[in-house]
Amino acid sequence: MTSDSPITSSPLLQVRDLRTSFDTPAGRVPAVSGVSFDVNHGETLGLVGESGCGKSVSALSIMRLVPNPPGVIESGEVLFEGVDLLKISDKEMQSVRGAGIGMIFQEPMSSLNPVLTIGRQITEPLGVHLGLSGAAAEYRAAELLEMVGIADSKRRLGDHPHQLSGGQRQRVMIAIALSCEPKLLIADEATTALDVTIQAQILELMKNLTSQSGTALMIITHNLGIIARYADRLNVMYAGKIRESGTAEQVYMRPSHPYTVGLLNSVPRLDRPASERLDPIEGEIPDPANLPSGCAFRPRCRWATAECEVAEPVLEQIEDRQVVACFEAKSVSDSVEVAWQ
Amino acid sequence: MTISPTNPNQLSVRDTVDSSSGPLLSVRDLKVHFPLKRGFIVQREVARVRAVDGVSFDIYPGETLGLVGESGSGKTTTAKAVIQLNTPGEGSVKFEGQELVGLSNSAMRPVRRKMGMVFQDPYGSLNPRMRAGDIVGEPLKVHGLADSKEDYRAQVASLLTTVGLSPAMAERYPNEFSGGQRQRLGVARAIAARPSLLILDESVSALDVSIQAQVLNLLQDLQDQYNLAYLFIAHDLSVVRHISHRVAVMYLGKIVETADSKDLYERPLHPYTQALLSAIPTPNPIHERSRERIILRGDLPSPLAPPPGCGFSTRCPIATEACSQTVPELKTLAENQQAACLLAQSV
């Protein structure tokens with residue numbers, strides 16, 4: 001599926017050379033080390049990688065929600081509709097959050113305030129960003145609950161979070177995130193804690209609502225299947241950097257970074273005959289305070305050469321929209337093509 | 001079935017499982033109900049959570065039974081009832097021919113030696129104040145399986161090697177291990193007393209995919225090496241298909257479908273199994289975008305007030321009037337395949 005968004009001249013969001021670190025007893029540890037990507041109007045971008053790869057910290061940096069201390073956004077630009085979010089005041093940033101960019105987190109229980117009613121929590125951003133209050137706000141809140149598929153919405157406005165199931169709470173989070181019609185919705189592992197049938201409900205809902213309103217969607221997940229189904233393009237992250245990026249078809253059908261290949265070979269797949277053994281990536285992710293020299297993936301990589309130890313590969317274009325940071329990209333994608341036939 | 005020599009994946013799993021000697025574990029009509037009580041001095045039972053409500057299955061030596069279902073379906077309660085960890089259930093749990101329901105704690109102890117358990121949380125399930133070697137070696141001490149100090153150390157070292165850790169790591173504390181390594185420690189502890197059955201309760205769910213694949217391979221190697229049987233509980237159906245010989249799908253405390261793994265995934269007969277399978281996105285954009293998904297309405301009903309008739313009828317896309325009146329029994333619809341649905345047809 002290609003995004004049927006209007007072709008506008010500049011991307012909605014441009015992240016340029018973003019660097020975020022955390023101060024720890026062991027010194028300053030990089031979490032995101034020079035990440036650049038765009039999100040176009042109305043498109044769905046996936047951000048995929050394992051724990052600690054920097055995908056969540058990237059999103060938090062965009063929203064300026066990295067806890068400081070210990071987190072520091074060291075450098076970079078986050079241009080949202082041309083404005084650098086890292087340079088504006090806290091007050092201006094507050095009007096971007098919610099009205100410009102909405103965000104949904106993994107834990108619906110800890111993202112909602114347990115002592116306030118659902119209605120109060122949905123009407124709050126409506127008052128702050130749109131100036132709605134009283135009956136008008138309440139009417140809109142009920143409309144939003146209907147929109148995310150919560151029946152009997154007027155009565156449910158008086159409920160507290162604990163009266164809702166996990167799936168319903170995540171629906172409320174979506175209602176809040178979309179209440180002020182943001183141009184970008186960031187979903188950070190938003191369905192990870194949910195059961196598969198509920199996960200499917202929530203993802204379909206999110207995709208339908210954003211495509212109806214032309215909202216761009218950034219899905220952050222470790223689940224390769226979710227990205228394959230919903231994302232137009234994706235970035236694969238490892239140890240704080242984007243290692244491969246392209247359209248879903250390109251990255252899944254012709255992966256060119258050894259890490260992407262390793263991820264795809266690690267998951268048992270329902271779309272293929274059952275196999276006797278998986279072919280996982282060896283070893284574990286490196287300690288971010290102690291990254292190996294050259295390419296950070298080198299110690300786990302089957303294609304690594306002497307060159308990988310001394311020099312760090314940068315993202316290079318290998319196809320129309322596909323970029324890869326690997327010296328051996330060509331032989332990686334060729335060998336994959338042979339193996340998967 | 002024809003076996004093509006070029007593709008070992010097509011081998012029937014039954015070929016590798018020895019079913020001649022009878023089941024290792026045989027569970028019949030297992031029920032675990034938790035009464036909900038109210039009242040200050042005189043407590044009255046006001047409701048009853050039927051966490052597990054009449055579950056039956058067999059596991060043969062060297063076989064993996066996958067138990068899948070959503071949260072609250074009764075998977076973990078079933079596992080705990082097998083190893084007699086919760087309030088005694090009703091029904092029968094026979095392990096190596098011995099009835100376990102009603103056994104005293106002291107009588108259970110030698111039986112537990114033969115059942116290992118690996119839990120989901122690699123952080124919460126290891127004592128942070130014990131060294132890795134002592135964590136792995138504790139079952140050897142408890143069951144008196146080491147002859148001497150040297151023997152104990154040698155066994156611990158060999159266990160660590162078996163799960164892919166270095167024997168030198170025996171001196172370290174759990175916080176010095178990564179999540180994947182901790183789960184390897186959990187596996188080493190579970191196999192220390194040389195059990196014949198391992199209960200794996202969401203044991204790989206919390207791991208990153210590359211580490212998950214490593215642990216799955218380890219589990220398969222151990223099964224081949226020691227002829228271990230697994231009760232593999234997970235909500236991830238692609239992982240379950242990969243590791244299981246047979247699969248049982250649970251919903252609201254009941255098994256709604258059970259079949260050989262291959263058949264269940266190729267030809268699910270219960271509408272819940274069909275919906276579960278269709279809900280799983282596969283890492284293949286072309287396949288994904290052409291695929292119709294069955295999106296179930298609503299949530300799992302509360303086990304406190306299950307719907308009358310078929311428990312799935314409130315969310316079922318094909319339910320009829322009769323489904324809300326009659327409780328469907330598991331019936332055999334194909335060879336080695338049973339489903340509890342009034343509308344499922346035999347094939």
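Start by selecting β3 (residues 64–68) and β8 (residues 229–234) in chain B: the two strands run parallel and are joined by five bridges. Keep in mind as you click around that this is a predicted model.

**Stop 1: the strand in the middle of things**

Stay on β3(B) and colour by burial. Five of its five residues are buried, so the strand is largely enclosed by the rest of the structure. Now look at its two faces. B:Thr64, B:Gly66 and B:Val68 sit on one side, B:Leu65 and B:Leu67 sit on the other, and both sides are covered.

Next, pick out the partners. B:Leu65 stands opposite B:Leu231 in β8(B). Further along, B:Val68 has B:Ala234 as its bridge partner in β8(B). Then turn to β9(B), which also runs parallel to β3(B) and is joined to it by four bridges. Which residue of β9(B) is the bridge partner of B:Val68? Select B:Val249 and you have it.

**Stop 2: the whole sheet**

Zoom out and show the strands of chain B as ribbons. You should be able to trace an open sheet of eight strands in the order β6-β7-β8-β3-β9-β10-β12-β11, with mixed pairing. At the edges are β6 (115–118) and β11 (331–334); each has a single partner strand, so one side of each is left without a neighbour in the sheet. Look along the sheet and you can check the twist: neighbouring strands are turned by 20° against each other on average, ignoring direction.

Now add helix α5 (residues 179–191) of chain B. This helix packs on the sheet and touches β6 and β7 (197–201) of chain B. The direction of α5(B) makes about 170° with that of β6(B).

**Stop 3: a helix lying across**

Select α9(B), residues 271–279. It lies across β9 and β10 of chain B, running at about 100° to β9(B). Is α9(B) mostly covered or mostly open? Mostly covered: seven of its nine residues are buried. Show side chains for B:Pro271, B:Tyr272, B:Thr273, B:Ala275, B:Leu276, B:Leu277 and B:Ala279, the buried set.

What do these residues pack against? In chain B, the answer is α7, β9 (246–251), β10 (254–260) and α8; chain A adds its own α8 (196–213).

Go back to B:Val249 and list its contacts. Leaving out residues up to four places away in sequence, they include B:Tyr272, B:Thr273 and B:Leu276, along with B:Val68, B:Ile255 and B:Val256.

**Stop 4: the nonpolar core**

Keep B:Val249 selected and add A:Ile227, B:Leu231 and B:Phe232. Of the 184 residues in the largest nonpolar core, these four touch the most other members. For the element with the largest share of this core, move to helix α7 (residues 166–178) of chain A, which gives seven residues.

**Stop 5: where the chains meet**

Show the contact between the chains. It takes 40 residues from chain B and 40 residues from chain A. On the chain B side, the elements that give two or more residues are α6 (209–226), α7 (237–243), α8 (261–266), α9 and α10 (285–290). Of these, α6(B) gives the largest share, with nine residues. Colour this side of chain B by class and you get 17 nonpolar, 15 polar and eight charged residues.

**Stop 6: a detour into chain A**

Jump to A:Val57, which is found in helix α1 (residues 55–62) of chain A. Buried or exposed? With 24 C-beta neighbours inside 10 Å, A:Val57 counts as buried. Apart from residues up to four places away in sequence, A:Val57 touches A:Thr20, A:Ala31, A:Val32 and A:Val66. Try a distance label too: the C-alpha atoms of A:Val57 and A:Arg19 are separated by 9.8 Å, with the two residues 38 apart along the chain.

**Last stop: chain B as a whole**

Pull back until chain B fills the window. There are ten helices and twelve strands in view. Along the principal axes, the C-alpha atoms fill a box of roughly 70 × 70 × 40 Å. A compact globule with 347 residues would have a radius of gyration near 20 Å, and the 21 Å of chain B agrees. Of those 347 residues, 43% count as buried. If you like contact maps, note that among contacts in chain B with a separation of 6 or more, 63% come from residues 24 or more positions apart.

Conventions:
Residues are numbered from 1 along each chain as its sequence is written. Chains are lettered from A and ligands numbered from 1 in the order in which they are written. This is a predicted model: local features need pLDDT of at least 70, side-chain atom pairs count only at pLDDT 80 or more; totals for chains, interfaces and linings use all residues. Two residues are in contact if their C-beta atoms, placed from the backbone, lie within 7 Å. Ala, Val, Leu, Ile, Met, Phe, Trp, Tyr, Cys and Pro count as nonpolar, Asp, Glu, Lys and Arg as charged, and the others, Gly among them, as polar. A residue is buried if 20 or more other C-beta atoms lie within 10 Å of its own, exposed if 12 or fewer, and partly exposed in between; C-beta atoms are placed from the backbone. Two strands pair if DSSP finds at least two bridges between them. Axes are lines fitted to C-alpha atoms, for helices over the stretch in contact, and angles run from 0 to 180 degrees between N-to-C directions. A nonpolar core is a set of buried Ala, Val, Leu, Ile, Met, Phe, Trp, Tyr and Cys residues joined through C-beta atoms within 7 Å. The radius of gyration is taken over C-alpha atoms; the globule rule is 2.2 Å times the number of residues to the power 0.38.
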